[in-house]
Amino acid sequence: MFGLTAEDWAWMLSAAERGEAPGADWGLLQQNSDMVARVQRASDEELVRAREVLAGLRGFYGLYVLHGLLLPDTPAQAALRQRIDGLGVFPLLDHVIPISPSPMQSAEALTLCLEPFYENLYETLMEQLAEDPAIFRLPGDERGVVGFGEAWLGAVRNLPGPG
């Protein structure tokens, strides 16, 4: 990220932990961490793609989180969660994708999605989705999205009431 390799990061962070000067050029990090400059350097096509990546990652994040809110599970959703867990990127998604973003959080998230890492993550999850796109089809229920929605509403209705 920011044009630095994993080895660069490890070396610089370990030097900082020892109280030593980083010994590396932090200029590239400073240059790339300036959100305004990063957006100003981006082309229209890059900004449109970053918006597409952000919207797509929001969808994947939403599916992951809604699983904990009684969303009926399907093999396709389980495969997406497994891919996210296997890559160990849920904490990143949880950080980048706020539930109710402020304008500043939206701008920060869009800027992050200009980074190739997030575009590659989005593409990886899209490939997983392409392998099994039936994310809203319960096995054995031929009603498709309708059956899925009814199962979800049924689960919510059957929640115990207060007290």
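1. Let's start with Glu119: in this predicted model it comes out as partly exposed, at 30% relative accessibility. The side chain of Glu119 meets that of Arg49 in a salt bridge, 2.8 Å from N to O. That contact ties together distant parts of the chain, with Glu119 in helix α8 (residues 116-131) and Arg49 in helix α4, 70 residues apart.

2. Arg49 also has a salt bridge to Glu123, with the closest N and O atoms 2.2 Å apart. Here too distant parts of the chain are linked, Arg49 in helix α4 and Glu123 in helix α8, 74 residues apart. Glu123 is partly exposed, at a relative accessible area of 31%. Add Glu52 and you have a salt-bridge network of Arg49, Glu52, Glu119 and Glu123.

3. The count of salt bridges comes to 8. Another one to look at pairs Arg143 with Asp141, closest N and O atoms 2.9 Å apart. Arg143 is partly exposed at 44% relative accessible area, whereas Asp141 counts as buried because its relative accessibility, 15%, is under the 20% cut-off.

4. On to the inside: there is 1 cavity of 30 Å³ or more, and the largest has a volume of about 60 Å³. Helices α4 (44-66) and α5 (75-87) are the elements giving two or more residues to its lining, and α5 gives the most, with 4. The lining consists of Phe60, Leu63, Tyr64, Gln77, Leu80, Arg81 and Ile84, which by class is 5 nonpolar, 1 polar and 1 charged.

5. Last, the surface: Leu70, Val156 and Leu159 make a nonpolar patch with about 240 Å² of accessible area together. Leu159 sits in the segment after α9 (145-157) and is partly exposed, at 47%.

Technical notes
Residues are numbered from 1 along each chain as its sequence is written. This is a predicted model: local features need pLDDT of at least 70, side-chain atom pairs count only at pLDDT 80 or more; totals for chains, interfaces and linings use all residues. Side-chain values use heavy atoms; hydrogens and water are left out. Patches are made of residues with over 30% relative accessible area and no salt bridge: like charges are joined within 9 Å, nonpolar side chains (Val, Leu, Ile, Met, Phe, Trp, Tyr) within 5 Å. Accessible areas come from the Shrake-Rupley method with a 1.4 Å probe; for residues, only the protein chains shown count as cover. A salt bridge is a side-chain nitrogen of Lys or Arg within 4 Å of a carboxyl oxygen of Asp or Glu. Buried means under 20% relative accessible area, exposed over 50%, partly exposed in between (1.4 Å probe, protein chains only). On a 1 Å grid over the protein atoms alone, a cavity is a set of points where a 1.4 Å probe fits but cannot get out, and a pocket is an open set with protein on both sides within 12 Å along at least five of seven lines; lining residues have an atom within 4 Å of a point. Grid points are joined across faces, edges and corners, and a volume is the space filled by probe spheres set on the points. Ala, Val, Leu, Ile, Met, Phe, Trp, Tyr, Cys and Pro count as nonpolar, Asp, Glu, Lys and Arg as charged, and the others, Gly among them, as polar.
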